[in-house]
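Please read the following points alongside the coordinates, which are those of a predicted model. They take up charge pairs, empty spaces, a small sheet and one residue in a loop.

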Amino acid sequence: MTTDEQVWACPFRHDEALEPDPTMARMRTEAPVARVRMPYGEGRCWLVTRHADVRLVTSDRRFSRAALVGTDFPRITPAPIAQSESINLMDPPTLNRVRRLVVKAFSNAQVEKLRPWTRRVVDELLAGITEHGAPADLMELLAGQLPLRTISELLGIPEADRPGIRRDAVAMMSMNVADRTTAAAAKAGLRAYFTALCAARRRDPGDDLISALATARIDDEMLDEGELTVLAMLLMVSGHDTLTYDIGNIVYTLLTHPTHLAELRAHPDRLPKALEELLRFIPFRQGVGIPRVALEDVDFDGVTVRAGDTVHVSYLTANRDEAVYERPDELDFDRDKPASHMAFGHGTHHCLGAHLARMEMEVCIGSLLAAFPDLRLAVPAEQVRWNTVSIWRFPLALPVAW
């Protein structure tokens, strides 16, 4: 049976700690451009799993995100997470104009200005962990605190509002059909909150990022109410949600790879390079994200994706592609030629906050290892409980001792 005739019914979730999904790994080898059936949405679609093909789909203008607007596209969540006004559903040149506004806030120079503040917050959180005593849950006391405080500081989110935003952000990401109503209510609640907040900042701007976006002009035009609301909401949710889980996953991986942990303790200057390898190695989410629509026929080594077809990509399998990475299933901090990973996406929708995320991880992980030189899991690794509902993969709790 040829690749374009077979339809894969992939479960699109794998809850074995942080092991790669074996079905998706098979697909990269056996059917790298495959027809798949998604759990939600109308119709079948394609899934692209090789590194080179993922790069093509995510950077070639023959594939469109904007064409998804108004469609019930195939997906892994009961309802679409992205909203029609979202930057995630824009194509160039509209996308480029909006990205230019946000990129200024996340430039290397702007992020570096935040480093001393971030270090102070991390030191405060680590002192709190010491005061709490062992065992301490790093998901609650560190990973769940730093990213939320950082993006809230940038956006000017009042401290009293942050826990509610966090709860809604978690609820919105459920893949469970039983949570469909709760997820929809969380999404609506966040939208209502940011609609009111953005309107207030437009009337009375401050020195925060939402105010800057509310008053900025793009080619003599301003973001309309919906665009501004959804952009602020996206920055808030993605600016803390994914990084919370990244920190937890990275600490878990280091604590379960003692040789690599010892290497970092002996050579802390290698942390930035090690983090890039950890981001490549760790399967940070379930299944796939937001797809694209082919605007014309595109050939992939004899498999033709037709105009109008929906195409998903897997950054997870691309990050383990043996054609790009030598020994891809090994964690190796000393790769001779480390290829760029796709943990932050690729192409026109590469993560806007990648610089900020890297800085936070460097400060957080580096300070944690320095403050607790004998940090270890407080329970056997097999007793760590993992999320089994969200699109993200992460430990529900990460109890540590020292």
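**Notes on the predicted model**

1. Arginine 26 forms a salt bridge with glutamate 30, and the closest N and O atoms of the pair are 3.1 Å apart. Both residues belong to helix H1, which spans residues 22-30, and they are separated by 4 residues, or about one turn of the helix. Arginine 26, with a relative accessibility of 42%, counts as partly exposed, and glutamate 30, at 46%, falls into the partly exposed class as well.

2. A second pair within one helix is that of arginine 280 and glutamate 277, whose salt bridge brings the closest N and O atoms to 2.9 Å. Arginine 280 and glutamate 277 both lie in helix H12, 3 residues apart, which is again described as about one turn of the helix. Is this pair buried or exposed? Arginine 280 is buried, and glutamate 277 is buried too.

3. Two further cases deserve a look when the charged side chains are inspected. Aspartate 60 forms a salt bridge with arginine 62, the closest N and O atoms being 2.8 Å apart, and arginine 62, at 25% relative accessibility, counts as partly exposed. Arg50, Asp53 and Asp301, for their part, are linked in a network of salt bridges. A search of the whole structure finds 22 salt bridges. As a general point, side chains of opposite charge can pair when their charged atoms come close.

4. The largest pocket holds about 450 Å³ of space. Its lining comprises 17 residues, and those nearest the centre of the pocket are Glu140, Gly144, Gln145, Leu148 and Arg166. Two or more lining residues come from each of helix H5 (138-143), helix H6 (146-155), helix H7 (162-172) and helix H10 (225-255). Which of the elements gives the most to this lining? The answer is H7, with 5 residues. Sorted by class, the lining of the largest pocket has 8 nonpolar, 3 polar and 6 charged residues.

5. The second largest pocket has about 290 Å³ of space. Among the residues that line the second largest pocket are Lys113, Glu153, Asp207 and Asp208, together with Leu114, Leu154 and Leu209. Helix H4 (108-132), H6 and helix H9 (209-215) are the elements that give two or more residues to this lining. In terms of class, the lining of the second largest pocket is made up of 5 nonpolar, 3 polar and 4 charged residues.

6. Turning to closed spaces, the count comes to 2 cavities of 30 Å³ or more. The second largest cavity contains about 40 Å³ of space, and the residues lining it are Asp246, Asn249, Ile250, Leu278, Leu279, Ile282, Phe284 and Ala343. H10 and helix H12 (271-281) each supply at least two residues of this lining, with H10 giving the most, namely 3 residues. The lining of the second largest cavity divides into 6 nonpolar residues, 1 polar residue and 1 charged residue.

7. A small open sheet is formed by 3 strands in the order E5-E13-E12, with antiparallel pairing. Strand E5 (136-137) and strand E12 (376-377) stand at the edges and have a single partner strand each, so one side of each is left without a neighbour in the sheet. Strand E13 (residues 399-401) is joined to E5 by 2 bridges, the two strands running antiparallel, and alanine 136 stands opposite valine 400 in E13.

8. Finally, valine 288 lies in the loop between H12 and strand E8 (292-294). Why does this loop residue count as buried? The reason is that valine 288 has a relative accessibility of 2%, whereas the buried class takes in values under 20%. Leaving aside residues up to four places away in sequence, valine 288 touches Phe12, Met24, Met38, Leu47, Ile76, His312 and Val313. Valine 288 and leucine 316, which are 28 residues apart in sequence, have a C-alpha to C-alpha distance of 8.4 Å.

Definitions and conventions
Residues are numbered from 1 along each chain as its sequence is written. This is a predicted model: local features need pLDDT of at least 70, side-chain atom pairs count only at pLDDT 80 or more; totals for chains, interfaces and linings use all residues. Side-chain values use heavy atoms; hydrogens and water are left out. Two strands pair if DSSP finds at least two bridges between them. On a 1 Å grid over the protein atoms alone, a cavity is a set of points where a 1.4 Å probe fits but cannot get out, and a pocket is an open set with protein on both sides within 12 Å along at least five of seven lines; lining residues have an atom within 4 Å of a point. Grid points are joined across faces, edges and corners, and a volume is the space filled by probe spheres set on the points. Ala, Val, Leu, Ile, Met, Phe, Trp, Tyr, Cys and Pro count as nonpolar, Asp, Glu, Lys and Arg as charged, and the others, Gly among them, as polar. A salt bridge is a side-chain nitrogen of Lys or Arg within 4 Å of a carboxyl oxygen of Asp or Glu. Buried means under 20% relative accessible area, exposed over 50%, partly exposed in between (1.4 Å probe, protein chains only). Contact means heavy atoms within 4.5 Å.
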